[in-house]
Amino acid sequence: MASISALARSGPITLVSGCEVDKLNPCGHLLKLFPLPVTRLARKIEPMATIESYHAHIYYDAETIDRARTLCETARDKFGVDMGRMHEKPVGPHPCWSCQLAFGPELFAGVVPWLALNRDGLVVYLHPETGNVMADHTEHAMWMGAKMELDTSIF
Ligand code: ZN
């Protein structure tokens, strides 16, 4: 039986039902994929190849802007990510002051764990860029520190 990651790489697929609660580990992860028999349609898994880049938006305020600047500049210098402006007002869908770090998928495994360990109490909003703007900023997004509400009415 193919692994879930191998299936995800192979292109859009459909998971099927039959994955009962007792087949989840204590963290809620699926231990087995596609227990047979196949009974009904569930949810599509999108291939990794559709992710063109990532944005990590670092959130801060007047009190934490210096920490945020240090974090962003260090990430820029360490990984070569593109660092945007240090906004001192909410911009786009973001509810807080923010700075954008943009990077390709090849940097994900370096940048994201580094942010997890070095975000210094700041909230990090991380999302992929697949071309589906609404999904990228909502269901595809990941948060570090806290989850906040975005203004998605602009999309
Ligand atoms: Zn973004």
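Two residues are taken to be in contact if their C-beta atoms, placed from the backbone, lie within 7 Å. By that criterion, and leaving aside neighbours within four places in sequence, Ala56 of this predicted model is in contact with Leu101, Val111, Leu115, Val124 and Leu126. Ala56 belongs to strand 3, which spans residues 53–60.

A residue is buried if 20 or more other C-beta atoms lie within 10 Å of its own. Ala56 has 24 C-beta neighbours inside 10 Å and therefore counts as buried. The strand as a whole follows this pattern: 7 of the 8 residues of strand 3 are buried, so strand 3 is largely enclosed by the rest of the structure. The C-alpha atoms of Ala56 and Met142 are 9.2 Å apart, although 86 residues separate the two along the chain.

Strand 3 is part of an open sheet of 5 strands, ordered 4-5-3-6-7 and paired in antiparallel fashion. Strand 4 (82–83) and strand 7 (142–144) stand at the edges; each has a single partner strand, so one side of each lacks a neighbour in the sheet. Strand 3 runs antiparallel to strand 5, to which 7 bridges join it, and antiparallel to strand 6 (residues 124–129), to which 6 bridges join it.

Residues of strand 3 and those standing opposite them are listed below.

| Residue in strand 3 | Opposite residue | Strand of opposite residue |
|---|---|---|
| Ser53 | Glu129 | strand 6 |
| Tyr54 | Phe103 | strand 5 |
| Ile58 | Val124 | strand 6 |

Helix 3 (residues 108–118) lies across strand 3, strand 5 (97–103), strand 6 and strand 7, and runs at about 15° to strand 3.

Definitions and conventions:
Residues numbered from 1 in each chain as written. Predicted model: local features only at pLDDT ≥ 70, side-chain atom pairs only at ≥ 80, totals over all residues. Helix = DSSP H or I, 4+ residues; strand = E, 2+ residues; numbered from the N terminus. Buried ≥ 20, exposed ≤ 12 C-beta atoms within 10 Å, placed from the backbone. Pairing = 2+ DSSP bridges. Axes fitted to C-alpha atoms, helices over the stretch in contact; angles between N-to-C directions.
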